[in-house]
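Q: Please take a close look at one part of this structure, the pairing of its aromatic rings, and explain it to a reader who is new to it.

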Amino acid sequence: MKRTNYAGLIDESYLEQTVTLQGWVQKRRDLGGLIFVDLRDREGIVQLAFSAEFGQDALAVAEKMRTEYVIEIEGVVKSRAAGAVNDHLKSGKIEVQVKSAQILSEAKTTPFYIEDGINVSDELRLKYRYLDLRRPEMQKNLRIRSKITAATHEFLDNNGFIDIETPYLAKSTPEGARDYLVPSRVYPGAFYALPQSPQLFKQLLMGAGFDRYYQVARAFRDEDLRGDRQPEFTQLDVEMSFMSQAEIMDLVNHWVAAIMKKTVDFDLNIAEIPTLEWADAMARFGTDKPDLRFGMELQDLTALMADSEFGVFANAVQNGGQVKAIVVPGAASHFSRKDIDKMAQYIERFGAKGLAWLKITDEGITGPIAKFLTTKAADLLAQTGAQTGDLLLFAADQASVVAQTLDALRRMTAKEMKLIDESKWAFAWITNWPLFEYQPEEDRWISAHHPFTMPNEADLPLMATTEGAHKAHAQSYDLVLNGYELGSGSIRIHRMEIQEQMLSALGFTKQAAQDAFGFLLEGMEFGFPPMGGIALGLDRLAMLLAGRDNIREVIAFPKNSKGTEPMTEAPTTVAKAQLAELNLIAPAYSDIDAPNMAEE
């Protein structure tokens, strides 16, 4: 039979009409001669009523129905009895009195209930992901994701962009993270790489004259996983020629406004999106992705504490470091000494050697370092604006340690004190990034964004030497939302001599640059236009708009925190014959089956 409409969309407009519905049994209630079944599909639930009066055969079928059976029914839409109305459902004022029914598929007992708010492990949900995705909240999450891509296609199509696919099988190039490699059967010993981004191809498309490109692009990075990171992810990727940084940012503002309207019906006022320079964001918030839904900005006390009697503060200043603090409003009585000790243990991961703190009480300033600051108490209160009942948390160390420490404490304490306006969408642009950043773990300089970012015009003379290049700033712009980086963009290098200087500053010899990026460098010799672009993270944006804190909640079939997929058990070993065909092992071993990974 042809379905009349989705079950969840049947309402009073269908009264007295005969409808055909299909879906899953959410719940069955047998009242003896009268059976009620909640029928569920992607749009919601409708109540079905079975009795001998409506259809004897249908009642017999209903007696066999169980939870998660797939059924099809035909019946008449009637108003519910007085007192039986459910205002929480779109279909809550009606029921369908069933004339005929059939079971399309039976189901065994599910490992968890198909309902929202279940309390089961993520591993179990991922193992039975097809069941997890039946739950209304998961269906809502994926529909938000779909609306984001629909709004993207509509907006960019209407603004002259062309949707172009770039290759998944490409050349391995040093772009930062580790590549996923794909062996070539035809060329023994050679490998493709799955793209970390479409960056090089979209620049080549600008060189080809396409002017405005976009793509909903898959990307792959072999790196450690976090709650907001997966080995494969999706970018809303754009590139355009002959546009300034300000013009690109303005276009992206309108694009994001279109997404917000279509997905969460929010009217984004793009005039209110602030722009912060990178140095300003780091100084005020300790991070390049600040959460602007609350205050608690970092207070620079370096000058005040340069001659402090507290040796930790004075020594930090003498060693070229900083002393900064945050004021946590109303937190003096909320956090105990034990709570603060746990914070101190937490910030050790950022290199902090301890946590100094003060409480502002009716008796004055109290805490383990109060006795060292008696002469500076008035100035400290005046500079920080701390009031009675507030908690002061300090960090004294090199700038990077101070920034990471206070950023973490700012977010942690604001969440604990419920200072964050969860209903707010706080966008911000972060601009004027350093072109390079130093990686002490690897003892080398890397590009802060990627090796194809154009330096600021004023900094171009610095590119003549490696030492000078490391001091340059970039024509770059990141879009931040509620403390998450949504997208990273920049004006690209379109002149070969500047690109060669950039690669040289990263430690590439001329030969190494040719080996890695020769096709791009040669392309620049044929006339590349000025260009720029950005990639928004679809997974992360969907996560935020769905009100989730993990991107797995908005991805249909994600990997777990170990990079494996419990449902299919990927990655798995393969037969040695297949490895031999790919020239990864000697053919002599190809007749031996691959071992079971679990046994190994």
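A: Tryptophan 445 is partly exposed, because its relative accessible area is 30% and the partly exposed class runs between 20% and 50%. In this predicted model, tryptophan 445 forms an aromatic pair with tyrosine 438, with the ring centres 5.5 Å apart and the planes at 55 degrees, an arrangement that counts as tilted. Tyrosine 438 counts as partly exposed as well, at 37% relative accessibility.

The structure holds 11 aromatic pairs, and another of them joins tyrosine 168 to phenylalanine 220, this time edge-to-face, with 5.9 Å from centre to centre and 80 degrees between the planes. Tyrosine 168 sits in the loop between strand 6 (162-163) and strand 7 (181-183), whereas phenylalanine 220 belongs to strand 9 (residues 212-220), so the pair ties together parts that are 52 residues apart in sequence. The two partners also fall into separate classes of accessibility: tyrosine 168 is partly exposed, with a relative accessible area of 39%, while phenylalanine 220, with a relative accessible area of 11%, is buried, because the cut-off for that class is under 20%.

Ring pairs can also join into a group, and here they link Phe310, Phe313, Phe372 and Phe394 into a cluster.

Aromatic residues appear in a helix contact too, where Leu200, Gln203 and Leu204 of helix 5 meet Phe517, Phe519, Leu520 and Met524 of helix 14. By class, this contact has six nonpolar residues, one polar residue and no charged residues.

How values were computed. Residues numbered from 1 in each chain as written. Predicted model: local features only at pLDDT ≥ 70, side-chain atom pairs only at ≥ 80, totals over all residues. Heavy atoms only, no water. Contact = heavy atoms within 4.5 Å. Helix = DSSP H or I, 4+ residues; strand = E, 2+ residues; numbered from the N terminus. Nonpolar A, V, L, I, M, F, W, Y, C, P; charged D, E, K, R; others polar. Phe/Tyr/Trp six-rings, centres within 6.5 Å; stacked < 30°, edge-to-face > 60°. Buried < 20%, exposed > 50% of the residue type's maximum accessible area, 1.4 Å probe, protein only.
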